[in-house]
Amino acid sequence: MDIETSEQGDLMSWAYSSRSLDRLNSCHPDLILLMTEALADPACPSDISILEGYRDEQKQNELKASGASQLSWPNSYHNRFPSMAVDAAPYVGGISWDWQHYYPLAAHIKAVWSRLQQAGKVGAGHRLEWGGDWTSFKDGPHWQLVAADG
Ligand SMILES: [Zn+2]
């Protein structure tokens, strides 16, 4: 974390790759706005790669079969269209799977969500949930919009 911060400095600004944008654009507008604002914010602790937005039936069932997902089609939030889930990984010289990069990024994304929610820009009818907060099957890249009454 500290090494990355000093290398990136404060003049660096990040932008999503076209592949990330394609994936992000398959998501609910709240997730698009959230991830766009999160990366544009100078306080963002790392670059971000969008790993997945909408996920089709074949891919969902492949992930279930491999154990990478616990859910069969169409039960994942990734299976709705637009997708109610997005997978966002810290990009630190490459896609990171290290929790030390996920926690600061998650704190940042939650803060941006709160800010957008207070401004009335997101969160009508749903709240944001982070897979890293789950007690079993922790899913660091995973964010989903859950019905507010759910
Ligand atoms: Zn996910």
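Two strands are said to pair if DSSP finds at least two bridges between them. Helices (H or I, at least four residues) and strands (E, at least two residues) are DSSP runs, numbered from the N terminus. With these terms in hand, here is a first example: β2 and β4 pair in the antiparallel sense over three bridges.

Before going further, a word on the model. It is a predicted model, in which local features need pLDDT of at least 70, side-chain atom pairs count only at pLDDT 80 or more, and totals for chains, interfaces and linings use all residues. Residues are numbered from 1 along each chain as its sequence is written.

## The whole chain

The protein chain holds five helices and four strands. If you walk along the sequence, you meet them in the pattern α-α-α-β-α-β-α-β-β. The radius of gyration, taken over C-alpha atoms, is 15 Å. The globule rule (2.2 Å times the number of residues to the power 0.38) gives 15 Å for 150 residues, so the protein chain is as compact as a globular protein of that length. Its C-alpha trace spans about 45 × 35 × 30 Å along the principal axes.

How much of the chain is buried? A residue counts as buried if 20 or more other C-beta atoms lie within 10 Å of its own, as exposed if 12 or fewer do, and as partly exposed in between, with C-beta atoms placed from the backbone. By that count, 35% of the 150 residues are buried.

Contacts are worth a look too. Two residues are in contact if their C-beta atoms, placed from the backbone, lie within 7 Å. Among contacts between residues at least 6 apart in sequence, 62% join residues at least 24 apart.

## The sheet

Strands of a sheet pair through backbone hydrogen bonds, either parallel or antiparallel. Here four strands form an open sheet in the order β1-β2-β4-β3, and the pairing is antiparallel. The edge strands are β1 (47–52) and β3 (126–130), each pairing on one side only. Neighbouring strands are turned by 30° against each other on average, direction ignored. Angles like this one use axes, which are lines fitted to C-alpha atoms (for helices over the stretch in contact), and run from 0 to 180 degrees between N-to-C directions.

β3 and β4 (residues 142–147) pair in the antiparallel sense over five bridges. Which residue of β4 is the bridge partner of W130? That partner is W143, and W143 is also the bridge partner of V86. Elsewhere in β4, A147 is the bridge partner of H126.

## Two helices across the sheet

Two helices lie across strands of this sheet, and the table sets them side by side.

| Helix | Residues | Lies across | Angle |
|---|---|---|---|
| α3 | 29–40 | β1, β2 and β4 | about 155° to β1 |
| α5 | 99–118 | β2, β3 and β4 | about 130° to β2 |

Take α3 to begin with. Its twelve residues reach 16 Å from the first C-alpha to the last, close to the 16 Å expected at 1.5 Å a residue; the expected span is 1.5 Å times one less than the number of residues. D30, L31, L34, M35, A38 and L39 are buried in α3. Seen down the axis, these buried residues fall within an arc of 150°, so they line one face of the helix. The arc is that of the directions from the helix axis to the C-beta atoms. The buried residues of α3 pack against α2 (18–24), β1, β2, α5 and β4.

Now for α5. Its 20 residues should span 28 Å, and the end C-alpha atoms are indeed 28 Å apart. The buried residues of α5 are H101, Y102, L105, A106, I109, V112 and W113. They cover an arc of only 130° around the axis, which puts them on the same side of α5. On the other side, Q100 and Q118 are exposed. The buried residues of α5 pack against α3, β2, β3 and β4. Just after this helix, G120 takes a positive phi of about 75°.

## Details in the loops

Where do P74 and P82 sit? P74 lies in the loop between α4 (57–66) and β2, and P82 is placed in the loop between α4 and β2 as well. A cis peptide bond joins W73 and P74, with omega about 0°. The peptide bond from F81 to P82 is cis, with omega near 0°.

Finally, visit F137 in the loop between β3 and β4. Its phi is near 50°, a positive value in a residue other than glycine. Is F137 buried or exposed? F137 counts as exposed because it has 9 C-beta neighbours inside 10 Å.
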